[in-house]
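I opened the model to look up its overall dimensions, a few loop residues and the salt bridges. My entries follow in the order I made them.

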Amino acid sequence: MNFLKQNYYINIISIICVLIGSYYSFHFINEPLIGVDDANIIFVYAKNFVNGHGIVYNAGGEHVEGFTSFLYFLICSAFYLISPNPEILIFLFNLIIAIASTLLIQYAIQLLSKKLDFSKTITFCLQIGYLAWLISNPLYFGWIIISLMDAGIYSFILIAIFTFFIELVIKRNNINKKKGIFLTVLIITLILTRPEAVIWGLMIISLFTFIVYIQTNNFNATIKTIILPVIGYTGSFSIITTFRLIYFKYPFPNTFYAKVSASISQTLNDGFNYFENFLNSYSISIILFLAISLSLLLVEYIKNKINIIFYVGLIIVLFNFTGITIPIVEGAEHFNGFRMYQPIYPIIYFLYLFPIVYVTKKVSLQYIYLFLIAAGLWITKNIYQNWLYFKNSQNLYGPVANYQFSISNEFYIAANERENGKNLSIIFEDSLPTIGYGSAGGIAYAYKGNIIDMMGLNNTLMAHANNIKEGPKGHESFDKETFYELAPEILMAQALKTNSINLQRTNDYYTNPTMWDNIIFKNIFNDSNFKEKYQLAEIINKDFPEYGCVGYFRKDYLNYLNNQPKFIVQPYE
């Protein structure tokens, strides 16, 4: 609280910067209010849970954990207790924790500056530099706030732990039981937030143990201090894993089994490609400054200088190395905009700050000012370039300036499929068929019947069909044999205006091996077995003639509809 009072102006500026970045990111993505399709998957679970159906994707369906953040699921469920349409509340929640994350980073910079006797001018430059670093990345605001995903709470907890360690090494006399309790709470919340917390937790406890032991030089005191965080880590992980085994029958979220391939070489190759693209889009200097920070850290260690600078460097290097490595070993993901790196993006800033911390007592101030000026010019260039890329990369139907900045399609899918699900519910009224679908968030949120997620995120049978995954990243789990076992009544049902329906065009799209849906469904539309069992057709409800349903209908279900007087059935010949 003292920081908030003592740094009133920089905090106000920080809040304004987050608000400006959020507004323009929101505006350029065409002002979505319902998040991305994966966020809608979480909302489906939250809505079903609040309505008494349990943690399920379909009401009355199997227990399945088709989301990666259990804590965020509980938070969204709480908002659904307040309102049946809480998207704005969730948006405000993510905005608030993004602001809180920014203030925590400013607090960490303030602590370092004060301890190292930086002038007010340098301190102000470093704090403004961070805001420039943040505002130069429109994708941060898109994924952390506007997506309505769990990235915001994940980032906030990581930043809170990072700031905890910075404060710990600077206020050296404050290592006590309260610190251990506070760290324990942070570790438990992290375990509940993301599965990656298992790796983070090991690093965090190891770092805490090292710092406590070096500062106390007392083995027994160290054990007493770290015992609570260790219990919190092992206990929370054991409890959540046991709960998953009992309730879901699997130790990890279903998303893990749907997305992660048993092929280690494939996973690492995907992960390194993802990191390489990240460096190309942001700057190769990230890895350069990580190497510089690590080198300076080793110099201090060799000189046996275990001082404040060493501690700060160790914290910065470990947090960045862990944050960079985790997406690589997980095999990354398919989304544009480097969603997996956005939570640690604020911490990456400290890789550039550490060399200043290291040389502050060793070089003239004029060199530090020259570095700050050069860094300021570089970030200013990035602000202009990145926002221009971002603005000109949200075109859904035309060319984009930089495909890695193009994320508006993720929001469009959610909105479009909500509309699709709503209209399908009207077309089929009280006799709602089971629909197999690829993008399974928005449609499941709005459709009143059951959806089978063909990509396996929300279906255990499909997720576990193959250990070795093949196909586009994040869409590898579809398995033909499992599809026939699940046998949805309609595959890829689309509610379209009747005057826009063209079955020939629809057939040409799905049977074309170069088209996205053909690729993720592994060319099933051209299989003789599929053609024997399913038929492309158009269905019109006479009571709702404005829209028709186009999709691949199971033939026995199509015959059933053909015998219903209220439906007009037009098969593709």
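**Loop residues with positive phi**

I looked up Asn 217 and found it in the loop between helix H10 (197-216) and helix H11 (219-247). Helices (H or I, at least four residues) and strands (E, at least two) are DSSP runs, numbered from the N terminus. Phi of Asn 217 is near 50°, a positive value in a residue other than glycine. Asn 217 is exposed, with a relative accessible area of 61%. For these classes I used under 20% relative accessible area for buried, over 50% for exposed and partly exposed in between, with a 1.4 Å probe and protein chains only.

Ala 487 also went on my list, since its phi is near 45°, again positive in a residue other than glycine. I placed Ala 487 in the loop between helix H21 (480-486) and strand E3 (490-497). Its relative accessibility is 24%, so Ala 487 counts as partly exposed.

**Conventions**

I note that this is a predicted model, in which local features need pLDDT of at least 70 and side-chain atom pairs count only at pLDDT 80 or more, while totals for chains, interfaces and linings use all residues. Residues are numbered from 1 along each chain as its sequence is written, and side-chain values use heavy atoms, with hydrogens and water left out.

**Whole chain**

I counted 25 helices and six strands in the protein chain. The C-alpha trace spans about 85 × 50 × 45 Å along its principal axes. Does the radius of gyration agree or disagree with that of a compact globule? The protein chain has 26 Å, and a compact globule of 573 residues would be near 25 Å, so the value agrees. The radius is taken over C-alpha atoms, and the globule rule is 2.2 Å times the number of residues to the power 0.38.

Of the 573 residues, 57% count as buried. The exposed area of the protein chain is about 24,300 Å², and carbon and sulfur atoms supply 61% of it. Accessible areas come from the Shrake-Rupley method with a 1.4 Å probe; for residues, only the protein chains shown count as cover. Of the contacts (heavy atoms within 4.5 Å) with a separation of 6 or more, 73% are between residues 24 or more positions apart.

**Asn 402**

I found Asn 402 in the loop between helix H17 (365-391) and helix H18 (408-428). Asn 402 is buried, because its relative accessible area is 19%. A polar atom of its side chain lies 3.0 Å from the backbone nitrogen of Gln 404. Not counting residues up to four places away in sequence, Asn 402 touches Tyr 389 and Ser 393.

**Phe 210**

I placed Phe 210 in helix H10. At 30% relative accessibility, Phe 210 counts as partly exposed. Leaving aside neighbours within four places in sequence, Phe 210 is in contact with Phe 310, Tyr 311 and Leu 314. I also checked Tyr 282, which is 72 residues from Phe 210 along the chain; their C-alpha atoms are separated by 33 Å.

**Salt bridges**

How many salt bridges does a search of the whole structure find? I got 13, where a salt bridge is a side-chain nitrogen of Lys or Arg within 4 Å of a carboxyl oxygen of Asp or Glu.

Arg 418 forms one with Glu 87, and the closest N and O atoms are 2.8 Å apart. This pair links distant parts of the chain, with Arg 418 in helix H18 and Glu 87 in helix H5 (residues 87-115), 331 residues apart. Arg 418 counts as buried at 14% relative accessibility, and Glu 87 counts as buried at 7%.

Lys 480 and Asp 527 meet through their side chains in a salt bridge of 2.8 Å, N to O. Lys 480 lies in helix H21 and Asp 527 in the loop between helix H23 (516-520) and helix H24 (528-533), so the pair ties together parts 47 residues apart in sequence. Lys 480 counts as partly exposed at 26% relative accessibility.

For Lys 497 and Glu 546 I noted a salt bridge of 4.0 Å, N to O. Lys 497 lies in strand E3 and Glu 546 in the loop between strand E4 (534-541) and strand E5 (547-554), so this pair ties together parts 49 residues apart in sequence. Lys 497 is partly exposed at 40% relative accessibility, and Glu 546 is partly exposed at 44%.

My last entry is a network of salt bridges that links Asp 150, Arg 194 and Glu 196.

Notes:
A polar contact is a pair of N or O atoms within 3.5 Å; within protein, one must be able to donate a hydrogen and the other to accept it, and residues adjacent in sequence count only if both atoms are side-chain atoms.
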